[in-house]
Each structure stands twice: as C-alpha cells, then as structure tokens.
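This report goes through the core, the charged pairs and the confidence of one protein chain. Please keep the sequence and the structure in view while reading.

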Amino acid sequence: MKALVLGLGRQGKAVVHDLERSSIVREIIAADLKSTDTIRSRLKTVAHKKTRAVQVDGADRHALAALIERYRPQVIICMLPPALGFGVAETAVAKGISFVSSSYTERLAALDEAPRRRGVSILPE
C-alpha cells in the first residue's frame with residue numbers, strides 16, 4: 001500500500017514513524033507546506049526507508065489533486081488543521097481514495113453518499 005500523509009507536525013511525524021514499521025505499507029509520501037529540506041530534517045531522527053518528502057499546500061485543492069495524480073496513493077492520512085480536512089476529504093473522494101483524519105468534523109457526514117458510490121472509506125477521529 002502507498003500512503004500520503006499530509007501535515008508533518010507532531011502527529012504527522014508519529015504517523016510516518018508508525019507507517020515505516022508496517023509490513024502493509026510499501027511507500028509513504030510525507031507532504032507538508034514546509035520545504036522538502038525541512039520535511040527531511042523533521043524526519044531524520046529515525047531512518048525512514050519508505051518515505052519520500054514532498055511540498056504541497058493542503059489548502060490548494062489543485063495542487064493536492066496533482067500530487068495525488070503523480071503518486072497515486074491508496075490512502076490519504078490527513079494530519080492538517082481541522083479547517084483543511086473537509087477540502088482534503090472531498091478531493092480524496094473525488095479521486096477515489098480513502099481518507100483518514102485525526103480530527104473531529106461533523107461536515108464529513110455530508111460526504112457519506114459519495115464515498116459509498118466510489119467504494120472508498122472516510123475515517124475521522
């Protein structure tokens with residue numbers, strides 16, 4: 001499985017750490033608004049063999065869609081601020097990709113029908 005992790009603060013960094021140890025995950029795209037050098041620096045405390053650092057603005061749906069097209073993840077794990085989660089979820093569903101988030105957001109319930117039609121999951125906190 002290929003995973004796209006958006007947001008590399010404390011939670012995002014922990015997610016990457018855990019995914020690195022998963023036998024199911026073969027590749028991790030670690031994306032943040034920061035530069036790729038900053039992302040690599042944040043992740044270098046542990047050997048990350050499966051992880052690739054990329055820069056993206058999670059609020060920019062066109063940039064996010066392009067990133068998804070380029071790397072084709074099977075799951076998007078959103079560790080961005082809650083205000084950005086709904087837009088990321090909408091983009092994920094539109095691209096046919098499952099979405100996981102650590103944030104509570106009632107707005108995700110509005111997306112219930114679209115993921116069912118697309119055969120993808122949305123899993124908030």
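In what follows, a residue is called buried when its relative accessible area is under 20%, exposed when it is over 50%, and partly exposed in between. The structure is a predicted model, and the burial of each residue discussed below was computed from its coordinates.

**Charged pairs**

Six salt bridges are counted in this model. One of them joins the side chains of Glu27 and Arg26, with N and O 3.8 Å apart. Glu27 has a relative accessibility of 14% and therefore counts as buried, whereas Arg26, at 52%, counts as exposed. Two further salt bridges, Glu90 with Arg61 and Glu69 with Lys95, are set beside this one in the table.

| Salt bridge | N to O distance | Accessibility of the acidic residue | Accessibility of the basic residue |
|---|---|---|---|
| Glu27 and Arg26 | 3.8 Å | 14%, buried | 52%, exposed |
| Glu90 and Arg61 | 2.6 Å | 26%, partly exposed | 40%, partly exposed |
| Glu69 and Lys95 | 2.8 Å | 36%, partly exposed | 32%, partly exposed |

Glu69 belongs to helix α3 and Lys95 to the loop between α4 and β5 (98-101), so this salt bridge ties together parts of the chain that are 26 residues apart in sequence. Salt bridges with shared partners also join Lys2, Arg26, Glu27 and Arg52 into one network. As for the pair formed by Glu90 and Arg61, whose closest N and O atoms are 2.6 Å apart, the link again runs between distant parts of the chain, with Glu90 in helix α4, Arg61 in helix α3, and 29 residues separating them.

Which side chain of opposite charge is nearest to Glu20, a buried residue that has no salt bridge? That side chain is Lys50, at 5.5 Å. Glu20, which is found in helix α1 (residues 10-20), does make a polar contact through its side chain with the side chain of Thr51, at 2.6 Å.

**Nonpolar cores**

The largest nonpolar core is made up of 21 residues, and those with the most contacts inside it are Leu4, Leu6, Ala31, Leu67, Ile76, Val88 and Phe99. At least two residues of this core come from each of β1 (2-6), β2 (27-32), α3 (61-71), β4 (75-78) and α4 (82-94). When neighbours within four places in sequence are set aside, Leu4 is in contact with Ile29, Ala31, Leu64, Leu67, Ile68, Pro73, Val75, Ile76 and Ile77. There is also a second, separate core of 15 residues, which includes Leu8, Ala30, Ile39 and Ile77.

**Backbone at Arg72**

Arg72 lies in the loop between α3 and β4 and has a phi near 50°, a positive value in a residue other than glycine. Most residues other than glycine have a negative phi. With a relative accessibility of 54%, Arg72 counts as exposed.

**Confidence**

The mean pLDDT of the chain is 88, and 97% of its residues reach 70 or more. Among the elements of the chain, β1 has the highest mean pLDDT, 98, and helix α2 (residues 36-43) the lowest, 75. Where pLDDT is low, the predicted coordinates should not be read in detail.

How values were computed
Residues are numbered from 1 along each chain as its sequence is written. This is a predicted model: local features need pLDDT of at least 70, side-chain atom pairs count only at pLDDT 80 or more; totals for chains, interfaces and linings use all residues. Side-chain values use heavy atoms; hydrogens and water are left out. A nonpolar core is a set of buried Ala, Val, Leu, Ile, Met, Phe, Trp, Tyr and Cys residues joined through side-chain atoms within 4.5 Å. Buried means under 20% relative accessible area, exposed over 50%, partly exposed in between (1.4 Å probe, protein chains only). Helices (H or I, at least four residues) and strands (E, at least two) are DSSP runs, numbered from the N terminus. Contact means heavy atoms within 4.5 Å. Lys and Arg count as positive and Asp and Glu as negative; His and the chain ends are not counted. A salt bridge is a side-chain nitrogen of Lys or Arg within 4 Å of a carboxyl oxygen of Asp or Glu. A polar contact is a pair of N or O atoms within 3.5 Å; within protein, one must be able to donate a hydrogen and the other to accept it, and residues adjacent in sequence count only if both atoms are side-chain atoms. pLDDT is the predictor's confidence in each residue, from 0 to 100.
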